[in-house]
Amino acid sequence: MRQAARRFRALSATDRLLVAEATAVLVVVRLGAAALPFPTLRNILGHYGRPGSSPARARPVSRVDRVVWAVSAVARRLPVRTTCLVESLAAEAMLRRRGYVCEVRFGVRPSGGGSVAAHAWVEHQGVIVLGAVDDLGEYAVLSSPERS
């Protein structure tokens, strides 16, 4: 625990803010995914992810890779398990808040025994920035749900 605190203090101020924001957003998305209908959760995240929804001075400009790093790093350390869906929705909201155009993609593939496996990932400018997996080519991409 002390080593984690030491590593956190060693981060730049911008990265510490990103980690704090990623923690809050991941927790909200995780709870929202368990308690709310999906369209309601997307609507809430859509409001959060609007560029300019907070004063610019309180929202430091961060590169896409740093936002994705923060979401991934926090997700690995949360005491509750997160899913690709939770991480993708959190990353999308944080990126959109910073003015980046990105999209959550959903895919499914057969996984044997008549069941299917599902996966979610985030693309920015046609490049997967979060959620790349080795067998992604096996997933049939579903159309993204419309944002409210």
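Two strands pair if DSSP finds at least two bridges between them. Helices (H or I, at least four residues) and strands (E, at least two) are themselves DSSP runs, numbered from the N terminus. With those two ideas in hand, let us look around.

A note before the views: this is a predicted model, in which local features need pLDDT of at least 70 and side-chain atom pairs count only at pLDDT 80 or more, while totals for chains, interfaces and linings use all residues. Residues are numbered from 1 along each chain as its sequence is written, and side-chain values use heavy atoms, with hydrogens and water left out.

**View 1. The whole protein chain has five helices and four strands.** Follow the sequence from its start and you will meet the pattern α-α-α-α-α-β-β-β-β. How many of the 148 residues count as buried? The share is 39%, where buried means under 20% relative accessible area, exposed means over 50%, and partly exposed lies in between (1.4 Å probe, protein chains only). Take the contacts (heavy atoms within 4.5 Å) with a separation of 6 or more: 64% of these in the protein chain come from residues 24 or more positions apart.

**View 2. Helix 3 (residues 38-48) has buried residues.** Look for Leu41, Arg42, Leu45 and Gly46, which are buried in this helix. Seen down the axis of helix 3, these buried residues fall within an arc of 140°, so they line one face of the helix. The arc is taken from the directions that run from the helix axis to the C-beta atoms. What do the buried residues of helix 3 pack against? Their partners are helix 2 (13-35), helix 5 (84-97) and strand 1 (102-112).

**View 3. The largest pocket has a volume of about 420 Å³.** A pocket is found on a 1 Å grid over the protein atoms alone: a cavity is a set of points where a 1.4 Å probe fits but cannot get out, whereas a pocket is an open set with protein on both sides within 12 Å along at least five of seven lines, and lining residues have an atom within 4 Å of a point. Grid points are joined across faces, edges and corners, and the volume is the space filled by probe spheres set on the points. Of the 14 lining residues, Ala4, Phe8, Val19, Ala73 and Arg77 lie nearest the centre of the pocket. Helix 1 (2-10), helix 2 and helix 4 (64-77) each supply at least two residues of the lining, and helix 4 gives the most, with five residues. The lining has 10 nonpolar, one polar and three charged residues. Here Ala, Val, Leu, Ile, Met, Phe, Trp, Tyr, Cys and Pro count as nonpolar, Asp, Glu, Lys and Arg as charged, and the others, Gly among them, as polar.

**View 4. Strand 1 pairs with strand 2 and with strand 4.** Strand 1 and strand 2 run antiparallel over 10 bridges, and strand 1 and strand 4 (residues 140-142) do so over three bridges. Val108 is a handy landmark: its bridge partner in strand 2 is Ala118, and in strand 4 Val108 stands opposite Ala140. Glu103 has Glu123 as its bridge partner in strand 2. Seven of the 10 residues of strand 2 (residues 115-124) are buried, so this strand is largely enclosed by the rest of the structure. Between strand 1 and strand 2 the hairpin has two residues, and Gly113 takes a positive phi near 65°.

**View 5. Strand 2 also pairs with strand 3 (residues 127-130), in the antiparallel sense over three bridges.** Val122 stands opposite Leu130 in strand 3, and His124 has Val127 as its bridge partner. In the loop between these strands sits Gln125, with a positive phi of about 55° although it is not a glycine. Most residues other than glycine have a negative phi. Is Gln125 buried or exposed? At 70% relative accessibility, Gln125 counts as exposed. Gly126 is found in the loop too, and counts as exposed at 66% relative accessibility. Gly126 and Cys102 are 24 residues apart in sequence and 8.6 Å apart in space, C-alpha to C-alpha.
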